[in-house]
Amino acid sequence: MALEARAFPLPESTRVITVSNQKGGVGKTTTTVNLAAALARSGARVLVIDLDPQGNASTALGVEHRADTASVYDVVVGDSALQDVVQKSPEFEHLYCVPATIHLAGAEIELVSLVAREQRLRTALDAYLAQVDEPVHYVFIDCPPSLGLLTINAFVAAREVLIPIQCEYYALEGLSQLLNSIELIEKHLNPELRVSTILLTMYDSRTNLANQVADDVRQHFPDQVLTTLIPRSVRISEAPSYGQSVISYDTSSPGSLSYLEAAAEIAQRGAAS
C-alpha cells in the first residue's frame, strides 16, 4: 500500500506537540501513541512523553512503567535528566518514550511548592534536545484529562497543541475552557504556543450526528482541522492490550490507515509552514 511505504517530509527543527483535551474519552492517548508510531514508521525520530498518571501511553508503546521505574516523575518533581529516563519502544526503530508511573498521581500537589513549577518539563526537554546525538523530529506530550500543573507544564514545554475531538454529542463542550487556558499560557508563560491541529476521532459515518459534529468543528476551526477522520474501530481499542499501537498491531486496518493518513497531513503541514 502506497501510504504505508511513503516517507513523510521531516521538519527542519523539532516539533513539540502537546495532545490535550480535558474531556476524557476522546482518544487523546490513542491519538498520541498512533501518530507517534506512524511518524516513527515513516523514518522520523519521535519521543513520546507520558504525562498522564494512568500511564496508558507507556503501556501502548510497550515500555516498562512499574512503580520503581525511573520516569517522568523523577524529571518533573526530582532532578533527574530526561535522558536518564528515556526508554526505546520496541514498536519502531526511532520511537522512544518517557514513561509515567503511579508516582505521578501525587505530582500536582508536590509541584505547588517547587521553584519555576510551570517550567520544569520545558527546562528538562530543552536540555535533552540540545544534547542528543541525532535530532529528534517530533515530541508528543500526552496530558492528563485535567487542567492542573502537569498539563500547564506540557503547554509550557510545547510549541503546538493538538486537540482530539470525538464526533459525538457534547463534543465542543469544555473546549472554550481549554482554549481560554491555552490563551492564558500563551500570554503569560509561552508566547510560542498555538493550537495547530484538531483531529476528529471516533467517527461513525452511519450517523447524522457524527457528520453534523464534524461540520460544526470544521466551521469553527477551518484552518486547524485535519481532513482525515479517525473511525470508531475495534482494532484501535484492542492494540494497547497487546502493548502495541494499532500501526504495528494491524497495519492494514482502517484505524491504522487513518492514523497514517493523519500523520502524513501533520508532517506535510509542518513542512509547508
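**Group meeting: a sheet, a helix and a buried threonine**

Good morning. I begin with one residue, Thr201, which lies in strand β7, spanning residues 194-203. Please keep in mind that we are looking at a predicted model.

Is Thr201 buried or exposed? Its relative accessibility is 2%, and because buried means under 20%, Thr201 counts as buried. Its side chain has a partner as well: it reaches the backbone oxygen of Val26 at 2.7 Å. Leaving aside residues up to four places away in sequence, Thr201 touches Val26, Thr31, Pro164, Ile165, Gln166, Cys167, Ile230 and Tyr259.

The next residue I wish to show is Met202, also placed in strand β7. Met202 is not a glycine, yet its phi is positive, near 55 degrees. For context, most residues other than glycine have a negative phi. With a relative accessibility of 21%, Met202 counts as partly exposed. A second case is Ala116, again a residue that is not a glycine, with a positive phi of about 50 degrees. Ala116 sits in the loop between α5 (107-111) and α6 (120-131). At 42% relative accessibility, Ala116 is partly exposed.

Let us now turn to the sheet. In what order do the strands of the open sheet lie? The order is β3-β4-β2-β5-β1-β6-β7-β8, eight strands with mixed pairing. The edges are formed by β3 (87-88) and β8 (225-231), each of which pairs on one side only. At one of these edges, β3 is joined to strand β4, residues 95-98, by two bridges, and the two strands run antiparallel. Within that pairing, Lys88 has Tyr96 of β4 as its bridge partner.

Strand β5, residues 138-142, deserves a closer look. It pairs with strand β1, residues 15-19, in the parallel sense over five bridges; Val19, for example, has Asp142 of β5 as its bridge partner. Strand β2, residues 46-50, is likewise joined to β5 by five bridges and runs parallel to it. There, Ile49 is partnered with Ile141 of β5.

Why is β5 described as largely enclosed by the rest of the structure? The reason is that five of its five residues are buried. In a regular strand the side chains alternate between the two faces of the sheet. In β5, Tyr138, Phe140 and Asp142 point one way, while Val139 and Ile141 point the other way, and all are buried.

My last topic is helix α7, residues 149-157. Eight of the nine residues of α7 are buried, so this helix too is largely enclosed by the rest of the structure. Among the buried residues are Leu149, Leu150, Thr151 and Phe155. What do the buried residues of α7 pack against? They pack against β1, α5, α6, β5, β6 (160-166) and α8 (175-188).

One of these neighbours is α6. The axes of α6 and α7 come within 7 Å and cross at roughly 40 degrees, which makes α6 oblique to α7. The contact involves Arg120, Leu121, Arg122 and Leu125 on the α6 side, and Asn153, Ala154, Val156 and Ala157 on the α7 side. As for handedness, α6 passes α7 in a right-handed crossing.

To close, I return to the strand we have just examined: β5 is paired in the parallel sense with β1 and with β2, and its residues are buried. Thank you for your attention.

Terms used. Residues are numbered from 1 along each chain as its sequence is written. This is a predicted model: local features need pLDDT of at least 70, side-chain atom pairs count only at pLDDT 80 or more; totals for chains, interfaces and linings use all residues. Side-chain values use heavy atoms; hydrogens and water are left out. Helices (H or I, at least four residues) and strands (E, at least two) are DSSP runs, numbered from the N terminus. Buried means under 20% relative accessible area, exposed over 50%, partly exposed in between (1.4 Å probe, protein chains only). A polar contact is a pair of N or O atoms within 3.5 Å; within protein, one must be able to donate a hydrogen and the other to accept it, and residues adjacent in sequence count only if both atoms are side-chain atoms. Contact means heavy atoms within 4.5 Å. Two strands pair if DSSP finds at least two bridges between them. Axes are lines fitted to C-alpha atoms, for helices over the stretch in contact, and angles run from 0 to 180 degrees between N-to-C directions. Angles under 35 degrees count as roughly parallel, over 145 as roughly antiparallel, 65 to 115 as roughly perpendicular and the rest as oblique. A crossing is left-handed if the near helix is turned anticlockwise from the far one by less than a right angle, and right-handed if clockwise.
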